[in-house]
Amino acid sequence: MDEMELFKVVHSELLMSMQYLEQDLKIIYATIKDGKFNDNYEILADAPLGKILVEFRKLDKEKGFAKIKSKDYELLEDIREIRNYWAHQCYLDFHYIENNQEKYEAFQEVKKRLHYDEQRVYDLQQRMEKLRISVVKKYRNKK
């Protein structure tokens with residue numbers, strides 16, 4: 001696999017992790033909020049990540065849930081910008097550079113950023129997935 005093919009795979013995995021994170025937040029929210037899961041889920045079903053985070057934090061404080069660390073909330077806030085960059089800008093940062101050496105160097109910088117973002121988002125996504133699984137198990141029988 002050449003560098004660009006690997007880049008595309010990691011890029012796709014990063015976007016996938018961000019989608020999973022957003023969905024896990026919705027599921028955790030819908031599960032721990034008082035009321036019916038489906039009604040609670042509908043509140044955030046089509047909401048942008050910013051609104052999801054506002055509602056989730058409010059519920060977290062209200063319930064004393066506190067399973068998400070402040071540094072994780074910071075990364076969740078950053079994910080909006082991270083996602084925009086990877087969805088709309090990253091390829092443009094090197095594709096149109098005509099000088100091959102400059103293009104290669106720019107690609108290497110974008111690639112470094114990709115690996116950095118992918119690792120920290122993936123780590124958070126894995127923790128959130130575990131949290132979602134435990135929350136659903138715990139609350140499933142209480143409603």
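**Figure 1. Glutamine 125, a residue of helix α6.** Glutamine 125 lies in helix α6, and we meet it here in a predicted model. Is this side chain's residue buried or exposed? With a relative accessibility of 2%, glutamine 125 counts as buried, because the cut-off for that label is under 20%. Setting aside the neighbours within four places in sequence, the contacts of glutamine 125 are Ser17, Tyr20, Leu21 and Asp24. Helix α1 covers residues 3-32, so you can look for these partners by number along that helix.

**Figure 2. Aspartate 117, also in helix α6.** Aspartate 117 is another residue found in α6. Its relative accessibility is 3%, so aspartate 117 counts as buried. Which residues does it touch, once neighbours within four places in sequence are left aside? They are Leu14, Ile82 and Trp86. Ile82 and Trp86 are among the α4 residues that meet α6, and Asp117 is one of the α6 residues on the other side of that contact. For a sense of scale along the chain, asparagine 100 is 17 residues away from aspartate 117, and their C-alpha atoms are separated by 25 Å.

**Figure 3. Helices α4 and α6 where they cross.** Here helix α4 (residues 70-88) and helix α6 (residues 100-140) are shown together, with axes that come within 11 Å and cross at roughly 135°. The two helices are therefore oblique to each other, and their crossing is left-handed. From α4, the contact takes in Lys71, Asp72, Leu75, Leu76, Asp78, Ile79, Ile82, Tyr85 and Trp86. From α6 come Val110, Arg113, Leu114, Asp117, Arg120, Val121, Leu124 and Arg127. How do the residues of this contact divide by class? There are ten nonpolar and seven charged residues, with no polar ones.

**Figure 4. Helices α3 and α4 side by side.** Helix α3 (residues 49-63) meets α4 with axes that come within 10 Å and cross at roughly 170°. That makes α3 and α4 roughly antiparallel to each other, because angles over 145 degrees are counted that way. On the α3 side you will find Leu49, Gly50, Leu53, Phe56, Arg57 and Asp60. Their counterparts in α4 are Tyr73, Glu74, Leu76, Glu77, Ile79, Arg80 and Arg83. Sorted by class, this contact has six nonpolar, one polar and six charged residues. Leu76 and Ile79 of α4 take part here, and both are also listed in the contact of α4 with α6.

**Figure 5. Glycine 50 in helix α3.** Zooming in on the α3 side of that contact, we come to glycine 50, which has its place in helix α3. Glycine 50 has a relative accessibility of 16% and so counts as buried. How far from its C-alpha atom is that of arginine 80, 30 residues apart along the chain? The separation is 7.5 Å. Gly50 and Arg80 both belong to the contact of α3 with α4.

**Figure 6. Helices α1 and α3 in contact.** Helix α1 (residues 3-32) packs against α3 at an angle of about 35°, and the axes are 10 Å apart. This crossing is left-handed. The α1 residues that make the contact are Glu22, Leu25, Lys26, Ile28, Tyr29 and Ile32, while α3 supplies Leu49, Ile52, Leu53, Glu55, Phe56, Leu59 and Lys63. By class they divide into nine nonpolar and four charged residues, with no polar ones. Leu49, Leu53 and Phe56 of α3 appear here, and these residues are also listed in the contact of α3 with α4.

**Figure 7. Tyrosine 41 in helix α2.** Tyrosine 41 is found in helix α2 (residues 37-44). At 19% relative accessibility, tyrosine 41 counts as buried, because the label applies under 20%. Not counting residues up to four places away in sequence, tyrosine 41 touches Gln23, Lys26, Ile27 and Ala30. Tyrosine 29 lies twelve residues away along the chain, with 7.4 Å between the two C-alpha atoms.

**Figure 8. The whole chain, for orientation.** Stepping back, the protein chain has six helices and zero strands. Its C-alpha trace spans about 60 × 25 × 25 Å along the principal axes. Of the 143 residues, 41% are buried. Among contacts between residues at least 6 apart in sequence, 73% join residues at least 24 apart. The accessible surface comes to about 9000 Å², and carbon and sulfur atoms account for 49% of it.

Key:
Residues are numbered from 1 along each chain as its sequence is written. This is a predicted model: local features need pLDDT of at least 70, side-chain atom pairs count only at pLDDT 80 or more; totals for chains, interfaces and linings use all residues. Side-chain values use heavy atoms; hydrogens and water are left out. Axes are lines fitted to C-alpha atoms, for helices over the stretch in contact, and angles run from 0 to 180 degrees between N-to-C directions. Helices (H or I, at least four residues) and strands (E, at least two) are DSSP runs, numbered from the N terminus. Angles under 35 degrees count as roughly parallel, over 145 as roughly antiparallel, 65 to 115 as roughly perpendicular and the rest as oblique. A crossing is left-handed if the near helix is turned anticlockwise from the far one by less than a right angle, and right-handed if clockwise. Contact means heavy atoms within 4.5 Å. Ala, Val, Leu, Ile, Met, Phe, Trp, Tyr, Cys and Pro count as nonpolar, Asp, Glu, Lys and Arg as charged, and the others, Gly among them, as polar. Buried means under 20% relative accessible area, exposed over 50%, partly exposed in between (1.4 Å probe, protein chains only). Accessible areas come from the Shrake-Rupley method with a 1.4 Å probe; for residues, only the protein chains shown count as cover.
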